[in-house]
Amino acid sequence: MKVRCESTNRIFTLAKELGSGGEGRVFSVQEEPALVGKIWHKDSDQKKDKVREMLASRPIDPMLSSGKVSIAWPQSIVKEVNGLGCGYLMPRINHGVEIGRLLLPAQTKTKYPNFGLQHKLRAAVNLCSIVIALHNKNYIIGDFNDANVLVMPDATIALIDCDSFQVGRHLCSVGTPQYLPPELQGVPLKGIVRKFSSDNFILAVLLYRICCDGYHPFQGCGGGPESIGERIQGGYYAYAASKGVSPPKFAPPREAFPKQLFDGFYRSFYDGHQKPESRPDAKAWFKTVLDLEKRLISCGKNQTHFYFDSLAFCPHCKKDNVNTRSTNNRPRNITPRVAGGTNKAFPPKSRTGKQPVRQAWGNNRKKLCGFLILALFFAAYLVTVKSLSVQTRLSEVYPDWISRGAPTVLNPEEGIGSAMHRTILSLPTTSKKSPLPDPPTENASHLPTNAGTSLYRQYFEK
């Protein structure tokens, strides 16, 4: 397909189709591999006017200084040479993965195996910088979701589908129910003027999902509607105690994150349910996440595990039933780019201060339980050795006593039982051989019971 550039009158060849969406198809540009062309399904003057306004007021790309593109902004309007098709050229984003495919840990390991918490926080910082750049030019993203946000291996972010933004009088008439704020749930979007608070809500949802292993902030237990859109409309935030809901069972615990992070989520989803203006904007989130990024420490057992310095143990190792102390190492060999800046390694930071009382008591309780278990094992060992020693001495004094079976009850009225019991207990502990001669072997079964008793009594009393 041959198209002509409106601004330069240059002709380009649209070769391979890369994808198709609701508004148009995307093709590679044969003469410019760094560009792609989007051709609308239906041409209209309104779309062309919207792109012309975007070309007249470009936002400052946060990754411009690093030579990368983070906003796929239109470059020029193109028209089909031998047809009526129309569209525009935009930068090509390579090696990017939709952020929705990186939210779940299993998918993250498949796409980016080494993409850990330190990369997630850097991606969150870069995402906030993109929203700041667009809001500074009074652009509202509108249809902001996990499908039009791409993540690179170095944690840089790229935003695509920019022609759906709200630009001046050109409104955004589409949206994703899982990301729409409560004031836009269940209402027709056509003709509605979006506000910055709408983008702030969607940004908070994306940040929550990035930090909490893909769980949605309105995904929880304890009642309420089933669909996420209805839960957003009803205010069923996972940590809203007034709604009687709780986060999912396998979601990361709130204690695993610093307090200021969830304070921002509370203002966005609970306070912001009735007061949209109370939601933190992109600048506030940028500062919060950047401060949290500096509090990361590495695990002493697994250098790919990172967690916040407010925790005593690595939550990843604890999840795998491996408790390990932190070595207070800063992230190593990790230099993802900060949007708008150069690569910077994490600054060294020493961790000081005592452990919280609850954590210290938990550690001492584990030590005490271990000591008690060892003491019980040692006591059982001593009892076993003592019983074996007594049994050995009994067999030396009277070998037939064990083979015929020891009497279950020693009757003190029977002289032989009492005398033999006294004799055994009175043996010296250092004797390895019985000092008594062998007992008589005469058959005394023909004698009366009292006669046999008298015979054995005489023998033992000599």
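Student: Why is Leu382 called partly exposed?
Tutor: Leu382 has a relative accessible area of 45%. Buried means under 20%, exposed over 50%, and partly exposed in between (1.4 Å probe, protein chains only). The 45% of Leu382 therefore puts this residue in the middle class. The model is predicted, so local features need pLDDT of at least 70 and side-chain atom pairs pLDDT 80 or more, while totals for chains, interfaces and linings use all residues. Residues are numbered from 1 along each chain as its sequence is written, and side-chain values use heavy atoms, without hydrogens and water.

Student: Why does Lys120 count as buried or exposed?
Tutor: Lys120 has 11% relative accessibility, so Lys120 counts as buried.

Student: What makes Lys120 and Asp213 a salt bridge?
Tutor: Their closest N and O atoms are 3.5 Å apart. A salt bridge needs a side-chain nitrogen of Lys or Arg within 4 Å of a carboxyl oxygen of Asp or Glu, so the pair qualifies. Lys120 lies in helix α3 and Asp213 in the loop between α4 and α5 (228–234), so the bridge ties together parts that are 93 residues apart in sequence. Helices (H or I, at least four residues) and strands (E, at least two) are DSSP runs, numbered from the N terminus.

Student: How do you know that Glu183 and Arg279 form a salt bridge, and how is each of them classed?
Tutor: Their side chains meet at 2.9 Å, N to O, which is under the same 4 Å limit. Glu183 has 33% relative accessibility and is therefore partly exposed, whereas Arg279, at 4%, is buried.

Student: How do you know that the length of helix α4 agrees with expectation?
Tutor: The expected span is 1.5 Å times one less than the number of residues. For the 16 residues of α4 (residues 196–211) this gives 22 Å, and the end C-alpha atoms are 23 Å apart, so the two agree. Of these 16 residues, 15 are buried.

Student: What makes a set of residues a nonpolar core, and which members of the largest one touch the most others?
Tutor: A nonpolar core is a set of buried Ala, Val, Leu, Ile, Met, Phe, Trp, Tyr and Cys residues joined through side-chain atoms within 4.5 Å. The largest has 69 residues, and Leu134, Phe144, Leu203, Tyr237, Phe265, Phe269 and Trp285 touch the most other members. Helix α3 (residues 117–136) gives the most to this core, with 11 residues.
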